Amino acid sequence: MTVRRGKKLSISIQEHMAIDVCPGPIRPIRQISAYFPHRSPTSPGPASPNPASSPLALSPGFVAPGMGGTHLLSPLLAHGRPGGGGGGGGGGGSLSLTSSVDTSVEINSSDSDDCTALGTLEFELRYERSSSELHCTVLRAKGLKSMDFNGLSDPYVKLHLLPGACKANKLKTKTIRNSLNPVWNETLTYIGITEEDLHRKTLRLTVCDEDKLTHNELIGESRVPLKRVKPDQTKHFHTCLEHPPPLPSPTAMGEALRGISCYLREWENEQLHSLEERGRLLLSLQFLPPLSLEETDVGGGGEEGGGGEGGGGRRSGGLCVGVKRCAHLAAMDVNGFSDPYVKIYLKPDIQKKSKHKTAVMKRTLNPEFNEEFFYEISLQELANKTLEVTVWDYDLGRSNDFIGGVCLSCYSQGDGLRHWTDCLKNKGSRVERWHILTNELPRTVGHD
């Protein structure tokens, strides 16, 4: 191509593309799947008759014997040579299956989730139906991952009940210093676990490394659905520790799904917050039918007064509410404890006379009250009432802190509804049941 003086050099787009983009022979573009094995090396399956066609033989840096150092093995070369084609085919056939498996394990060893990566945990679970207690005996752990500079760890185990994990239902073992194979043999007990909890709850066991100067580090966790535990039977578990499940990231989604993901995450956080567990409460309900005059003269009728309004002879029927105890209450004070007491209301309460309070128990998260209160009311009126039970933390000189509450009526759900209907159906019988305290404050209840 000749160019005259004073004339501008012009190159067509075809010549430009041929010069800049195609300096040499066109090579096929490698697929990302060609660099990774298609199946795990430990998974069972028939060995490939042609070792050169194994997934690992497609690695970009592999040079087969006899090919020369200037030719990289591409996916097209690996799949396009069926054992022939000069010396390259013979060299590819000499690649052994053992070497490919060893290299694959070496690649994936850093991100492996095998039992040996984080360690194993051995424990036992037993649910006592009579006492509504769940016993978790943490036995030992083996082969834990080292988290400290000395190549060891200071492991301990903490338990949470899901959903609704919070500080109120967290239990913790002692810490074993400088060990990767700790032995605890420690039993942790949850009080107030109902059979409904066995069907919907999951126990999370988290193994952590304790650091005095920095934050504690998580080693691994294991989750066990409580429905695998049968009442009054001991179940032994030997599980591999795993990484916590990752949270879905909205940044990895498209624009259309990003807003939906953020909305679902906010809704989930709101639901978890509104259903946060603040502890357990053991209540007893008993509807006492009216007594005749003869029964009043013989028995006196005052055995069920219990600090309520029925101090003298009781002729009309009523509801006897027994506040037994609380367990795993949330700590509301800076010392890690609470000063709990219980208030009960029978609503609607037009005359403002249904309020009863228990005594205050100092510095405890598992108080025992054993107090009873009596409401003089007929069975027909009781069917339209709502029993509100709230637990508070007493603070001197300022407003008391709300710990949790529960409502029992014909409009309740779950354990609250079952407890209320059992009381109305079984007149004269005392019905006890554990209830979960939530952080929802009933709208009709205000601070004192």
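These notes cover model confidence, the nonpolar cores and the residue H328.

1. This is a predicted model, in which local features need pLDDT of at least 70, side-chain atom pairs count only at pLDDT 80 or more, and totals for chains, interfaces and linings use all residues. Residues are numbered from 1 along each chain as its sequence is written, and side-chain values use heavy atoms, with hydrogens and water left out.

2. The protein chain has a mean pLDDT (the predictor's confidence in each residue, from 0 to 100) of 74, and 60% of its residues reach 70 or more. Over residues 40–115 the pLDDT is below 50, and this stretch has 64 contacts (heavy atoms within 4.5 Å) beyond near neighbours in sequence. Residues 301–312 are also below 50, with 25 such contacts in the model.

3. The largest nonpolar core (a set of buried Ala, Val, Leu, Ile, Met, Phe, Trp, Tyr and Cys residues joined through side-chain atoms within 4.5 Å; buried means under 20% relative accessible area, with a 1.4 Å probe and protein chains only) has 30 residues. Among those with the most contacts inside this core are L159 and Y190. At least two core residues come from each of β1 (120–128), β2 (133–142), β3 (155–162), β5 (183–191), β6 (202–209) and β7 (217–225); strands are DSSP runs (E, at least two residues), numbered from the N terminus. Another core, of 27 residues, lies apart and includes L281 and V389.

4. H328 sits in the loop between β10 (318–327) and β11 (340–347). H328 is buried, at 12% relative accessible area. Its side chain reaches the backbone nitrogen of I191 at 2.9 Å. Neighbours within four places in sequence aside, the contacts of H328 include Y190, I191, R278 and N366.

Technical notes
Helix = DSSP H or I, 4+ residues; strand = E, 2+ residues; numbered from the N terminus. Buried < 20%, exposed > 50% of the residue type's maximum accessible area, 1.4 Å probe, protein only. Polar contact = N/O pair within 3.5 Å; in protein donor to acceptor, adjacent residues only side chain to side chain.
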